[in-house]
Structure formats: structure tokens, C-alpha cells
Amino acid sequence: MRRTPMVNVSIARRYARALLEAAGDSAALGIADQLGTLVALIGNNPDIADIAVNPAYSRSQRQGVLEGLIRLLGPTSPTLGNFLRLLVERHRLVLLPDIARVYRDMADARAGRVRGTVVSAVELDSGAVKQLEKTLSQLLDKQVVLDTRVDQTVLGGVSTQVGSVVFDGTLRSQLDDLKRTLQS
């Protein structure tokens, strides 16, 4: 799906807030995961994305595609299914990527969780990622959930960003620091 203008973020925030309130705390994280999966499904299929945003398709055509996508997701909460149907009804399915992003942020905040990214030169094993999450959780006094990314320019070590805080233990940054020190 294509990105929506910034003006629609406030609309997405209202929909996300309403979904979060309707979902309740116990279902919030599952719904966030399913929304992310749905956004990926639509984003990776240009034909489905076109149906979601192109006004040439009727509401019933969009509804049919949505019902198929809901079946693909597997068991969904009735709240999520009804919410998605409401988006089709109100011609707001185009906002789904923004709604999903804002919803995930709100659900994380409610659960006392923060998301971050760890970048390394090689793929990290799940044990190392879990240990890093545990250490950062203790340091930040919040549950930390990390996404991993591989970047060969790192050379070695890892760089982790959680919110606006960056923990840079990469060999590249250490070499850059050494270079600056030697040039002084």
C-alpha cells in the first residue's frame, strides 16, 4: 500500500485508539500482530493493494477481498474482523498501514514495552537477541522487543537503537572514534 499524507495520521490515530479500546488489554498484542501481517500481505501484493485504494472498485468487491484476507489470517478476534469491515464501509482501508503502526505503538505503550532495532554484521542467533533484550529491559526498566537487521558495513559488534537512544558497540564506530582521536 502506498503511504498516506501526514494529514491522515490524526485520522489513523483515532481509529487505532478506538480499536485498542474495543480490543481490551488481553487481545491488544494479538491484534497488533495480525494487523502487521495483514499490512504485509496487502503491501506485498500489488493487485490487492490496488483494490484497497482504487475507488474504481466497489465496496462489495473490497469487502470480498477483505473477507478472503481475514480467512488467510486464521482465527481473528471478532473485534478485528468488525473493525476491518468498518474500514471498508467508510472507505478508510487505505489508512490501514498507518492505523497498524499507530496501534502497535499504543499497544506497546499500554503494555510497558518499547521496540528497538539491533544492527550487526552477521545474523545474530536468537539466544544473543534474547540476552540483549533482557539486558536492555533491565537498563531501561521497560520490556524491550528487538528487530534484527544485518549490515556488512558494521564490520563487527552491534548497534542497538531503542527509541531515541543508541547503543553503538560496532567496530566501525570504534575505528571512527580512534581516527578522530588520532587526528586531534
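The expected span of a helix is 1.5 Å times one less than its number of residues. In this predicted model, helix α3 (residues 59–73) has 15 residues and should therefore span 21 Å, which agrees with the 21 Å that separates its end C-alpha atoms. The points below take up the sides of α3, then an open sheet of 4 strands with mixed pairing, and finally two residues other than glycine with positive phi, H91 and D141.

**Helix α3**

- The buried residues of α3 are R62, Q63, L66, L69, I70 and L73, and because they cover an arc of only 125° around the axis, they lie on the same side of the helix.
- These buried residues pack against three other helices, namely α1 (9–43), α2 (46–53) and α4.
- On the face of α3 turned away from the buried side are the exposed residues S60, R71 and L72.
- After α3 comes G74, a residue with a positive phi near 90°.

**The sheet**

- Strands of a sheet pair through backbone hydrogen bonds, and the pairing may be either parallel or antiparallel.
- Here the 4 strands follow the order β2-β1-β3-β4 in an open sheet of mixed pairing; β2 and β4 (165–168) stand at the edges, and because each has a single partner strand, one side of each is left without a neighbour in the sheet.
- On average, neighbouring strands of this sheet are turned by 20° against each other, with direction ignored.
- Strand β1 (residues 113–120) and β2 run parallel and are joined by 8 bridges, and R113 has Q143 in β2 as its bridge partner.
- Together with α6, the strands β1 and β2 make a β-α-β unit that is right-handed.
- Strand β3 (residues 158–162) and β4 run antiparallel and are joined by 4 bridges, with V162 having V165 in β4 as its bridge partner.

**Positive phi outside glycine**

- Most residues other than glycine have a negative phi, which is the background against which the next two residues may be read.
- H91, whose phi is positive and near 55°, is placed in the loop between α4 (78–89) and α5 (96–111); its relative accessible area is 49%, and because exposed means over 50%, H91 counts as partly exposed.
- D141, whose phi is positive and near 60°, is placed in the loop between α6 (126–140) and β2 (143–150); with a relative accessibility of 70%, D141 is over that 50% cut-off and therefore counts as exposed.

Terms used:
Residues numbered from 1 in each chain as written. Predicted model: local features only at pLDDT ≥ 70, side-chain atom pairs only at ≥ 80, totals over all residues. Heavy atoms only, no water. Helix = DSSP H or I, 4+ residues; strand = E, 2+ residues; numbered from the N terminus. Buried < 20%, exposed > 50% of the residue type's maximum accessible area, 1.4 Å probe, protein only. Pairing = 2+ DSSP bridges. Right-handed = clockwise from strand over helix to strand, strands pointing away. Axes fitted to C-alpha atoms, helices over the stretch in contact; angles between N-to-C directions. Arc of directions from axis to C-beta. Contact = heavy atoms within 4.5 Å.
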